[in-house]
Amino acid sequence: MGTAGTALQVEGLGKAYRIYRGPLPRIGEALSLGRYRGHHEFWALRGVAFELARGGAFGLVGANGAGKSTLLKILAGTTAPSAGRFRIHGRVASLLELGAGFHLDFSGRANIVM
C-alpha cells in the first residue's frame with residue numbers, strides 16, 4: 001500500500017449506516033439476536049481510493065450528501081469505516097464544522113495561515 005513519500009493512503013474505503021423505519025424494527029432486531037433484519041443499509045461511501053504525497057494537498061468537492069464529511073470523519077478518527085482501510089503518516093487536524101476557526105476580522109489569506 002503506497003510508497004515511502006506518501007502521507008495518506010486510502011484503499012476501498014466505505015461507510016454504511018443502518019436505516020430503520022422506526023424504533024420497533026430496531027428493538028425487534030436487537031431482541032432476535034440476528035434472526036430478524038429490521039434495517040436497510042445506506043452506503044455514504046463505497047470504494048474510495050487515493051494517495052496523497054507528503055506536502056501535497058487535495059480538495060473535496062461534491063453535492064450535499066455526497067460523503068465529504070463522512071470521509072473526513074473517518075480520516076480524523078471520529079467514526080470507523082465499514083469497509084476498506086487507510087494509513088496516515090503524520091498528523092491529522094480536522095475542522096469539520098462550517099466556519100470553525102474562521103475569524104471575520106481577518107482576510108481569507110490570514111485565515112488560511114491561522
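Let us start in the sheet, where strand β1 and strand β3 (residues 83-88) run antiparallel and are joined by 5 bridges. Here helices (H or I, at least four residues) and strands (E, at least two) are DSSP runs, numbered from the N terminus, and two strands pair if DSSP finds at least two bridges between them. One of the residues involved is Q9, whose bridge partner in β3 is R87.

Before going further, a word on what you are looking at. This is a predicted model, in which local features need pLDDT of at least 70 and side-chain atom pairs count only at pLDDT 80 or more, while totals for chains, interfaces and linings use all residues. Residues are numbered from 1 along each chain as its sequence is written, and side-chain values use heavy atoms, with hydrogens and water left out. The pLDDT is the predictor's confidence in each residue, from 0 to 100. Its average over the chain is 85, and 88% of the residues score at least 70. Among the elements of the chain, β3 has the highest mean pLDDT (95), whereas helix α3 (residues 108-113) has the lowest (76). Where pLDDT is low, the predicted coordinates should not be read in detail.

Now for the overall layout. The chain contains 3 helices and 3 strands, and if you follow the sequence you meet them in the pattern β-α-β-α-β-α. Of the contacts with a separation of 6 or more, 63% are between residues 24 or more positions apart; contact here means heavy atoms within 4.5 Å. Buried residues make up 21% of the 114 residues, where buried means under 20% relative accessible area, exposed over 50%, and partly exposed in between (1.4 Å probe, protein chains only).

Back to the sheet. It is an open sheet of 3 strands in the order β2-β1-β3, with antiparallel pairing. Its edge strands are β2 and β3, each of which pairs on one side only. From one strand to the next, the twist averages 20°; axes are lines fitted to C-alpha atoms, for helices over the stretch in contact, and angles run from 0 to 180 degrees between N-to-C directions. Strand β1 (residues 6-20) also pairs with strand β2 (residues 39-53), in the antiparallel sense and over 11 bridges. Along this pairing, Y17 has F42 as its bridge partner in β2, and K15 stands opposite L45.

Strand β1 is a good place to see how individual residues are placed. G12 is found in this strand and counts as partly exposed, at 36% relative accessibility. Leaving aside neighbours within four places in sequence, G12 is in contact with G47, V48, A49, A83 and G84. G12 and F86 are 74 residues apart along the chain, and their C-alpha atoms are separated by 8.6 Å. V10 also belongs to strand β1, but this residue is buried, with a relative accessible area of 3%.

V10 leads us to the interior. In soluble globular proteins, nonpolar side chains tend to be buried together. A nonpolar core is a set of buried Ala, Val, Leu, Ile, Met, Phe, Trp, Tyr and Cys residues joined through side-chain atoms within 4.5 Å. The largest one here has 8 residues: L8, V10, L13, L45, L52, L71, I74 and L75. The elements giving two or more residues to this core are β1, β2 and α2 (68-76). Some of these residues are far apart in sequence: V10 and L75 are 65 residues apart along the chain, with 9.2 Å between their C-alpha atoms.

L71 shows the helix side of this core. L71 sits in helix α2 and counts as buried, at 4% relative accessibility. Not counting residues up to four places away in sequence, L71 touches L13, L45, V48, F50 and L60. The C-alpha atoms of L71 and L13 are 8.5 Å apart, although their positions lie 58 residues apart along the chain.

Our last stop is E29, in helix α1 (residues 23-31). E29 is buried, with a relative accessible area of 11%. A polar atom of the E29 side chain lies 2.8 Å from the backbone nitrogen of G38. Such a pair fits the cut-off for a polar contact, which is a pair of N or O atoms within 3.5 Å; within protein, one must be able to donate a hydrogen and the other to accept it, and residues adjacent in sequence count only if both atoms are side-chain atoms. Beyond neighbours within four places in sequence, E29 is in contact with R18, Y20, G34, Y36, R37, G38 and H39.
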